[in-house]
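Student: I would like to take a close look at a single strand of this structure and at its surroundings. Could you please guide me through it?

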Amino acid sequence: MVRLLLASLAVVMVPGWGLARDRELLIVIGAEGSLEFAVPFAEAATQWAQAAERAGDVSTTLIDSRERLKSEIERQVEAKPQELWVVLIGHGTFDGRSAKFNLEGDDVSASELGEWFEGWTSGELVFINTASASAPFIPALKGPNRTVITATKSGAEVNITRFGKYLAKSLQSNLADLNKDGQISVLEAFLLASSHTAEFYEKERRLATEQALIDDNGDGKGIRADWFDGMRVAKNVGEEAIPDGQRSRNLHLVPGELDRQLSAEARARRNELEVEAEKLRENRDELSEADYYEKLEAIFVEIAQIYGEAGS
């Protein structure tokens, strides 16, 4: 059945599939287990592929086996694209020690994926596991320049998840664009999908068996959507900690009109500067007013130069 799904998705592949691009999307479709999950898995995969098509500069690869996944990750680690997006759609398991994502044939564990990505030292990695029991994938995949999202907050949440369906839908929902900049960031999609997931359980009057996490500060912990007020973390994360959300708010699979004018390198530098600005705001009390505004001005001047060069 999975192979039939892959064939049906071929119509939404971006032009030039297989060519080297600055941004790559790997859609990993797991074993559905029963026919009732085949359609929702295919729908979610289609929505991700269609989003990549709208972006125009994303090369999409569909994967359904452990061997193909490993070889494709090895290729990407060597190729070093500016951005690599990996989306796992399917079921997961946890035996108390090891969390795995179910594939046709042999499954893949969180620790194995962590090993396969050890060579990833540059570029942005956005890794999303929408399966049950997916939380252990956060500490396994954590690292600098990495955003990791899971559908659950622990490996013990083993029931069927709905977060992935809402996350895929959020890619084309105006409701997700919280800052109204004409594009949907990873963080915005996460927040909307988490909200819709919570609403599902409330409406059905059922105990929530999944609570999604996002980690983009590299600490390997992850936080829930209810930690955020708007797009900023409202809870105290400690004096030494950098709040999650600073990196993922600047990552967009489908850039808006303004971002489309920027090269992948320019977008990456702009994102770095945005993170620097957020860190500066977090540490404002440690600086004099003059130093704070001097450093902030320098960041904004460079961002303005990036946009100016793109428009010239």
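Tutor: What follows is a description of one strand and its partners, and then of the enclosed spaces in the model. Please keep in mind that this is a predicted model.

The strand is β7, which covers residues 124-129. Of its 6 residues, 6 are buried, and buried here means under 20% relative accessible area. In a regular strand the side chains alternate between the two faces of the sheet. One side of β7 carries E124, V126 and I128, and the other carries L125, F127 and N129. Both faces are covered, for the residues on either side are all buried.

Next come the partners of the strand. Strand β3, residues 83-89, runs parallel to β7 and is joined to it by 6 bridges. Within this pairing, L84 stands opposite L125 of β7. Strand β8, residues 146-150, is also parallel to β7, with 5 bridges between them. Here V126 has T147 in β8 as its bridge partner.

A separate topic is the empty space inside the model. Rolling a probe the size of a water molecule over the atoms shows where such space is left. There are 3 cavities of 30 Å³ or more, and the largest has a volume of about 50 Å³. Its lining is formed by R232, V233, P243, D244, Q246, R249, E278 and E282. Two elements, β11 (232-233) and α9 (264-282), each give two or more residues to this lining. By type, the lining of the largest cavity comprises 5 charged, 2 nonpolar and 1 polar residues.

How values were computed: Residues are numbered from 1 along each chain as its sequence is written. This is a predicted model: local features need pLDDT of at least 70, side-chain atom pairs count only at pLDDT 80 or more; totals for chains, interfaces and linings use all residues. Side-chain values use heavy atoms; hydrogens and water are left out. On a 1 Å grid over the protein atoms alone, a cavity is a set of points where a 1.4 Å probe fits but cannot get out, and a pocket is an open set with protein on both sides within 12 Å along at least five of seven lines; lining residues have an atom within 4 Å of a point. Grid points are joined across faces, edges and corners, and a volume is the space filled by probe spheres set on the points. Helices (H or I, at least four residues) and strands (E, at least two) are DSSP runs, numbered from the N terminus. Ala, Val, Leu, Ile, Met, Phe, Trp, Tyr, Cys and Pro count as nonpolar, Asp, Glu, Lys and Arg as charged, and the others, Gly among them, as polar. Buried means under 20% relative accessible area, exposed over 50%, partly exposed in between (1.4 Å probe, protein chains only). Two strands pair if DSSP finds at least two bridges between them.
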